[in-house]
Amino acid sequence: LEAAVARVGPDMIPQHAANAIWGFSTLGRMPGAAVWAALEAAVTRVGHEPKDVSSMLWSFLTLAATRGVPLTACYLSLWRAAGGLDVVSFKHAELSTMFHAHLMHTELVRADLRGEVNIPRWVLHEARDAWLRDTREHVRVSSWVKDVAAILGELGVRHEVERLTDDGYFSVDVHLPDGDVALEFDGPTHFINVTGGSGGGGDASCTSTRTVRTELRDLFL
């Protein structure tokens with residue numbers, strides 16, 4: 001995959017470059033230097049479509065927050081591009097992604113990595129509203145969380161299911177007000193299986209690791 005990206009990177013259209021960067025960040029993998037250089041070069045040629053800008057900002061920041069990857073000049077250029085776009089050109093999901101990027105930039109990335117960025121005013125208003133709406137409305141209580149809550153109830157432990165954080169930006173599975181404890185139950189969707197080489201019996205070894213989105217959640221909480 002990396003060899004293919006390095007080969008076609010210089011000629012990638014914006015959407016393909018954004019998709020490739022998103023793929024590496026979602027897997028939590030920093031590609032080799034040649035691949036990264038090819039992708040960064042492609043970013044400088046993007047047509048600055050809202051979907052590409054929001055996706056690439058999220059991707060670069062995810063790698064910076066979870067893997068310590070330095071943010072380069074092309075990252076700053078993406079924020080400048082965002083500032084030149086009209087907020088009405090962004091779809092709801094893209095606005096929400098922009099605010100997630102803002103949260104990572106300000107709370108998770110070291111100051112020496114993120115550089116000087118002028119955050120567009122609409123990120124702190126319309127994009128924030130989109131994120132808050134998603135936090136309130138996209139809540140699904142799993143059967144496992146219901147089981148945990150039932151056990152806590154039987155034990156007489158005060159608790160609240162899907163409690164919003166004080167800023168309203170995140171929802172925790174179960175909150176214990178006595179001690180201000182947050183409980184998160186990570187089911188199968190919070191992990192990915194990584195298959196290794198074949199073992200002595202012919203079976204491929206397999207380990208589980210947290211998804212990058214779960215890592216980001218834990219960093220915020």
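**Environment of Glu215 and His16 in the predicted model**

The side chain of Glu215 makes a polar contact, at 2.9 Å, with the side chain of Arg67, where a polar contact is a pair of N or O atoms within 3.5 Å, of which, within protein, one must be able to donate a hydrogen and the other to accept it, and where residues adjacent in sequence count only if both atoms are side-chain atoms. The structure is a predicted model, in which local features need pLDDT of at least 70 and side-chain atom pairs count only at pLDDT 80 or more, whereas totals for chains, interfaces and linings use all residues. Residues are numbered from 1 along each chain as its sequence is written, and side-chain values use heavy atoms, with hydrogens and water left out.

Glu215 lies in helix H10 (residues 212–220), helices being DSSP runs of H or I with at least four residues and strands runs of E with at least two, numbered from the N terminus. With a relative accessibility of 13%, Glu215 counts as buried, that is, under 20% relative accessible area, as opposed to exposed (over 50%) or partly exposed (in between), with a 1.4 Å probe and protein chains only. When residues up to four places away in sequence are not counted, Glu215 touches Thr66, Arg67 and Arg210, contact meaning heavy atoms within 4.5 Å.

His16, placed in helix H2 (residues 14–27), is partly exposed at a relative accessible area of 43%. Its C-alpha atom is separated by 9.2 Å from that of Asp52, 36 residues apart along the chain.

The protein averages a pLDDT of 88, and 93% of the residues score at least 70, pLDDT being the predictor's confidence in each residue, from 0 to 100.
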